[in-house]
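Got the viewer open? Let's walk through the place where the two chains meet, one selection at a time.

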Amino acid sequence: MAKISPVTGHYVDVEVDGLLYKVFYLENGTGTPLVCQHTAGCHNHQWRGLLEDDDITANYRVIAYDLPRHGKSDPPENSEWWTEEYKLTADHYAKFIVALCDALELENPIFMGSSFGGNIALQLALRYPERFSGVIPVEGADYSPGFYLDWWQHPHANAAQVCASGVWDLMAPQSPDADRWKTWFYYSQGSEAFKGDLYFYSVDHDLRDKLGSIDGERCPVVMMTGEYDYLTTPEDGQRTASQIKNASFIEMKEIGHFPMSENYEVFRGYLRQALETLRGKQPARA
Amino acid sequence: MTTATRAPAPADWARAFTEATDGDPEIQAHGKYFTCAYLLDMTDHTFVVRVVSGKVAEIAVDPGPIDVPYQFAIRASADTWRNFGVPVPAPMYHGIWAATFQRDMKLEGDVLVLMQNLRCLTRQIELLRSVGVPV
């Protein structure tokens, strides 16, 4: 008998800032929507372990989408995007996620993202606290400079390999080879978007003087960071969470910057802890 | 952080690093164009590693000033390298990017050549986890 996964894929039209996107997402489960953002220059297969986690999908509707220009979500349908340099901004990125949640008619979803997805989770909590029942920034920080580099797209080097091997050290040596190599493989597919994503990650995203404005009572924040993450270290995560009202921070041992993808078995324990912590922080909703 | 293992003699290390590289399945599967020369500056000892088509052609041990040319350099303190030379390195000693962002490692010279060879070079540096370091 064929082994068919319960995970299904769909496309949904999303319009934001006058740009029309045909967005691909994978989903599985029922319950509270848990909307998952992959890391920069990558795609939704990073969430493959979570999407097939029976324990979590029994209580959560896990939705892992490809951001436009990643995976199966094309660049805009209605613009000559090839005539412009791609530079993702916090404003467009945050509006896109809200528009996607609107298109899918999600009520009080939890948003979880890793790396540049962790940083946008913080931006969402700041900008749209009324739209989310909580956010889980993974490997995020108030500010993460240093990765907006020309090397990701340099015509004299193999961009696919530079992106993939350039992020290799972000993973922990303890993570299984097979999962680290899958993550490497995903990164070999996304070099054209990676640098533009990192414009948001390392340049446009800067919440150093805004963390106190995040309404962490209305939109609780639970941050998680792996100890092998050299870009946003556990100290960065701790520092960020400590400045957000009602926020918590979880340090993850023996794992790195792509925890859901490099070692889901380790990540899932911390994720359950994060979801439990988030449940304990829920405000009464009208 | 230091490790308790005794450092191999530089010449012995050079032989072991050569054998590990030339016998590594990943480098040999993908190293057809892995060709470059780089300086490993471990403070107490320096090495110029010259790789041609994925095989180590020569390792110059403690070369004199302007003696052996190289394209880029990977420099760090002996202590940092000692932390690379263990089976499971502690955080921030698990790769050249990590140690460059968070510790005292420096990537210098023609970094484009480093980037052009990044896939195999990353693997080659990881061989230090089994070969150890001579400092």
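A polar contact here is a pair of N or O atoms within 3.5 Å; within protein, one must be able to donate a hydrogen and the other to accept it, and residues adjacent in sequence count only if both atoms are side-chain atoms. This is a predicted model, where local features need pLDDT of at least 70 and side-chain atom pairs count only at pLDDT 80 or more, while totals for chains, interfaces and linings use all residues. Residues are numbered from 1 along each chain as its sequence is written, chains are lettered from A, and side-chain values use heavy atoms, with hydrogens and water left out.

Start by selecting what touches across chains A and B (contact: heavy atoms within 4.5 Å): 25 residues from chain A and 22 from chain B. Together the chains bury about 2,000 Å², with 67% of that on carbon and sulfur atoms; buried area is the accessible area (1.4 Å probe) lost on putting two parts together, summed over both.

Next, pick A:Trp151, A:Asp169 and A:Tyr230, which supply 29% of the area chain A buries against chain B, more than any other three residues.

Now turn on polar contacts: 9 residue pairs, both partners at pLDDT 80 or more, link chain A and chain B. Then colour helices H5 (159-166) and H6 (177-187) of chain A, the elements giving two or more residues to the side touching chain B. H5(A) gives the most, with 4 residues. Helices are DSSP runs (H or I, at least four residues), numbered from the N terminus.

Last stop: H6 of chain B (residues 118-126), where 8 of 9 residues are buried (under 20% relative accessible area, 1.4 Å probe, protein chains only). Among them are B:Leu118, B:Cys120 and B:Ile125.

Key: Buried < 20%, exposed > 50% of the residue type's maximum accessible area, 1.4 Å probe, protein only.
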